[in-house]
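Open the model in your viewer and keep the selection panel at hand. Each stop below tells you what to pick next.

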Amino acid sequence: MRKFMASAGLLAGVAAAGALVSGVPAYADQPRPWETAFQAPATEMMRQIEWFGNYTMWFVVPITVLVLALLAVCVLRFRASVNPVPSKTSHNTLIEVIWTVGPVIVLLLIAIPSFQLLTAQYTPPEEAKLTVKATGNQWNWDYEYQVDKSFSFNSAILQDGDRAKAGKEDRSLYPRLLAVDNELVVPVNTMTRVLITATDVIHSFAVPSFGIKMDAVPGRTNETWFKAEKEGLYYGQCSQLCGKDHAFMPIAVRVVSDAQFKTWLETAKTDVPAANKALMAEIDGTNKVAAAGN
């Protein structure tokens, strides 16, 4: 009885914590130790990628089990000690038809949705409302907002000694090796085009929760897009080996409301650090109010 009450108390505590968290604006998702699945999707495209990954597992798992079973049968039944005189059978029409037609059907069932997904990744469903140019450097990113009064800023990994000054001491929200000094800020539910290039070597702009990954090639401009559906802070990294500090070239995207973005944009045109500071203060204040309401 005592164990039951203790378990009930623990479950109640977890439920209360969940209710508290649900009342606070979500801070999206980020890499976690020993993670084996995708990060939580924040775009329709990432949901399609996640579905396709789960769909292919319905083929991968049975095929793997079948091959393992066939190997086990061969090892146990046809080893020399129990089968000293091997069969001389060379053809079996039924087996040959099965192992020819079967893989063709499997490939078709995988190829059709694969091509549909690939086409969707390169076909934005609507015109972009915001265009940002991301330029990879060794080892940081430059972001240029192509608006009426264009401006740009650099985004580099946040050093531990600068956390207090930047107001980013919470490592659960600003993880080590992923947090940056200046995030890429975009509005929620807005089609965003990202033009991607590099100044020195090949980099790669990748944000898992958005389902985007595009190489940044010097002398060439590639293009990708996303439409984030949830506010929060999302992390990615350069995904192309680009030199000794490749592991220290994170990408951080802060998705905010349309009103917050407009306010940030007006200030950022002249003073990016001040715009970021004001935005963080507004978001933190909103979180505290939401938490107090629970």
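This tour goes from the confidence colouring through the helical spans to the two sheets and the cores.

**Confidence.** This is a predicted model. Colour the chain by pLDDT: the average is 87, and 87% of the residues score at least 70. Now select residues 1-26, where the pLDDT is below 50. Beyond near neighbours in sequence, this stretch has 13 contacts in the model.

**Two annotated spans.** Select residues 52-76 and 97-118. An unreviewed UniProt entry gives both the feature "transmembrane region". Residues 52-76 are 100% helix and 0% strand, with 36 Å between the end C-alpha atoms. Residues 97-118 are also 100% helix and 0% strand. Here the end C-alpha atoms are 31 Å apart.

**One open sheet.** Switch to cartoon view and find the five strands ordered β3-β2-β1-β5-β8. The sheet is open, and its pairing is mixed. At the edges are β3 (151-155) and β8 (222-226), and each pairs on one side only. From one strand to the next, the twist averages 25 degrees.

Zoom in on β1 (residues 130-137) and β2 (residues 140-145). They run antiparallel, joined by six bridges. Pick N137: which residue of β2 stands opposite? N140 does.

**Another open sheet.** Move to the five strands in the order β4-β10-β9-β6-β7. This open sheet has mixed pairing too. Why is one side of β4 (184-187) and of β7 (212-216) left without a neighbour in the sheet? Both stand at the edges with a single partner strand, so one side of each stays unpaired. On average, neighbouring strands here are turned by 25 degrees against each other, direction ignored.

Select β4 with β10 (residues 250-256). Four bridges join this parallel pair. Highlight V186 and its bridge partner in β10, V255.

**The helix that touches both sheets.** Select α5 (residues 258-268). On one sheet, α5 lies across β1, β2 and β3, at about 95 degrees to β3. On the other, α5 touches β4 and β10, and its direction makes about 135 degrees with that of β4.

**The cores.** Show side chains for Y143, Y145, F205, F210 and W264. They have the most contacts inside the largest nonpolar core, which has 40 residues. Centre on W264. Leaving aside neighbours within four places in sequence, its contacts are Y145, F151, F153, V185, A275, N276 and L279. Finish at another core of 10 residues, which lies apart from the largest one. Among its members are L158, Y174, A179 and Y235.

Key. Residues numbered from 1 in each chain as written. Predicted model: local features only at pLDDT ≥ 70, side-chain atom pairs only at ≥ 80, totals over all residues. Heavy atoms only, no water. Pairing = 2+ DSSP bridges. Helix = DSSP H or I, 4+ residues; strand = E, 2+ residues; numbered from the N terminus. Axes fitted to C-alpha atoms, helices over the stretch in contact; angles between N-to-C directions. Contact = heavy atoms within 4.5 Å. pLDDT = per-residue confidence, 0-100. UniProt positions renumbered as here; feature names shortened; annotations may be inferred. Core = buried A, V, L, I, M, F, W, Y, C linked by side-chain atoms within 4.5 Å. Buried < 20%, exposed > 50% of the residue type's maximum accessible area, 1.4 Å probe, protein only.
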